[in-house]
Amino acid sequence: MDELEEALAMAMTTAVSNTRVILRRYMTWFPSEDEMEVTSYISDFVQGEVSTNNVVMKVMSSGHPDFKAGNLCLGDDWMARSSVQTFPLTEVTRTKSRRRSGGRSMAAATLSNKRVILKRYVTGLLSEDDMEVVTVEAPPLDVPTGSKGVVVKNLYVSCDPYMRNRMTRHELPSYIPDFVPGEVLENFGVMKVISSGHLDFKAGDLVWGITGWEEYTVINNSESLFRINHPKLPLSYYTGMPGLTAYAGFFEVSKPKKGDYVFISAASGAVGQIVGQLAKIIGCYVVGSAGSDEKVSLLKTKFGFNDAFNYRKEPDLKAALRRYFPEGIDIYFENVGGETLDAVLPNMRLGGRIAACGMISQYNLERPEGVKNLFYIVTKRLRMEGFLVFDFYDKYYQFEEEMAGYLKEGKVAYVEDVVEGLDAAPAALIKLFTGRNVGKQLVAIARE
């Protein structure tokens, strides 16, 4: 008890304050921080009144013969609310309470923060052992005075192929910084704001942007966050950027026209499924490739592609493309690279456009495959252009309104592959490279 007495004595040496936690509203489900409020200003818990609990107290003064000033005592507020007094403490430590058991006291533990870290730089095929799920102490949930940052609770995080590239140590700087071994992984996610020093965001706002693969994150660059304007749509739809990537890559880079012949590789993935549906909306002929018969069926029945094929069953991709596009391809939306790109080039039409979104077949190779048919870019006068979604953030709100309309009207369908909890996140990321995921791969951390 000496250590506890010393800590309490230190807390009571400065000017007296009276900080208390009140119940903001009656609860109908599991409690959350939002149901309570720390304020400088018991029967059932009463809305707007102090929320009582078992506490360790130091007696300031006493009229009871059993207690005198300076005594430390444990009080069961549940049994004697009429006698509850709040005592001056100059610091409030946020804690996570365990459920009360059998009318006994409830212990308070520091709020924990589960996260996924990179264990080491990766060469070759990514494995679960390259990542580790650890639990650390959560960051302070109040932003410091004067900060423009925000503290968020992460609800969903995205699994995307480009994360693999960040797990390799690059001698020359890449387009985005490498992950650091021992540090938390990061990617796009959906979040709930807990506290904010930025004028554009307040506690309770739902936002999306870059965040950590963890339960709680402090985001200092809050300009990179976007408020969710259509919260009645599934929040998971805002996880990652496949929608804006598809929208910008197709309309801004590919420059489609009605009647164009469009081929999409990895077409059942997060980006490909949307590109195909956008192409259909404006009147294009669309064919996609995927890695299983199940995904091929999904492309034709769920997403409305004109046709689709399982590339694993095609020993000659160049001949397969000639069969599906006897008049050639106007637009190739590139997600795979390697052999697929090599087979596409001879099948492009004059003046065709290739939007290079990604090359997932190359990310786990120590020695990337070469492409042999590049001279067709010259002879067919092709335009091949790479792009990053960050280049098109200025198009976001235009995209959001159009896509929300398509979803509500049933013109666009979206398929997700959701795993529950950060413990399942490493395996979920690896599914992208083995073809085991169906649709957009994401991790649900907390559902709200």
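**Strand β9, helix α9 and two unusual loop residues**

Me: Which residue in β21 is the bridge partner of V157?
Reply: In this predicted model, the bridge partner of V157 is V443 in β21.

Me: What makes β9 and β21 a pair of strands?
Reply: Strands count as paired when at least two bridges are found between them, and β9 and β21 (residues 440–444) have 3 bridges in the antiparallel sense, so the pairing condition is met.

Me: How do you know that β9 also pairs with β10 and with β12?
Reply: Set against the requirement of at least two bridges, β9 has 7 antiparallel bridges with β10 (residues 186–196) and 4 antiparallel bridges with β12 (residues 216–219), and therefore both pairings qualify. As individual examples, K153 stands opposite K192 of β10, while V151 has V218 of β12 as its bridge partner.

Me: Why is β9 called mostly covered?
Reply: A residue is buried when its relative accessible area is under 20%, and 8 of the 9 residues in β9 (150–158) are buried, so the strand is described as mostly covered.

Me: Why is K255 called partly exposed, and where does K255 lie?
Reply: The relative accessible area of K255 is 46%, and because the partly exposed class lies between the buried limit of 20% and the exposed limit of 50%, K255 belongs to that class. K255 is located in the loop that runs between α3 (242–254) and β14 (261–264).

Me: What makes R381 exposed?
Reply: R381 has a relative accessibility of 57%, and since exposed means over 50%, R381 is placed in the exposed class. Its position is the loop between α8 (376–379) and β19 (383–386).

Me: What makes the phi of K255 and the phi of R381 worth a remark?
Reply: Most residues other than glycine have a negative phi. K255, although not a glycine, has a positive phi of about 50 degrees, and R381, also not a glycine, has a positive phi of about 50 degrees as well.

Me: How do you know that α9 has a span close to the expected one?
Reply: The expected span is 1.5 Å times one less than the number of residues; for the 14 residues of α9 (396–409) this comes to 20 Å, and the helix reaches 20 Å from its first C-alpha to its last, so the two agree closely.

Me: Why are the buried residues of α9 said to line one face of the helix?
Reply: The buried residues of α9 are Y396, F399, E400, M403, A404, Y406 and L407. Seen down the helix axis, these buried residues fall within an arc of 165 degrees, and so they line one face. Their cover includes β11 (206–212), β13 (226–227), α3 and α4 (272–281), whereas K408 and E409 are exposed on the other side of α9. Just after the helix, G410 takes a positive phi of about 80 degrees.

Me: How do you know that parts of the chain call for caution?
Reply: The chain averages a pLDDT of 83, with 76% of the residues scoring at least 70. Over residues 40–55, however, the pLDDT is below 50, although this stretch has 52 contacts in the model beyond near neighbours in sequence. Residues 74–108 likewise stay under 50, with 70 contacts beyond four places in sequence. Where pLDDT is low, the predicted coordinates should not be read in detail.

Conventions:
Residues are numbered from 1 along each chain as its sequence is written. This is a predicted model: local features need pLDDT of at least 70, side-chain atom pairs count only at pLDDT 80 or more; totals for chains, interfaces and linings use all residues. Side-chain values use heavy atoms; hydrogens and water are left out. Buried means under 20% relative accessible area, exposed over 50%, partly exposed in between (1.4 Å probe, protein chains only). Helices (H or I, at least four residues) and strands (E, at least two) are DSSP runs, numbered from the N terminus. pLDDT is the predictor's confidence in each residue, from 0 to 100. Contact means heavy atoms within 4.5 Å. The arc is that of the directions from the helix axis to the C-beta atoms.
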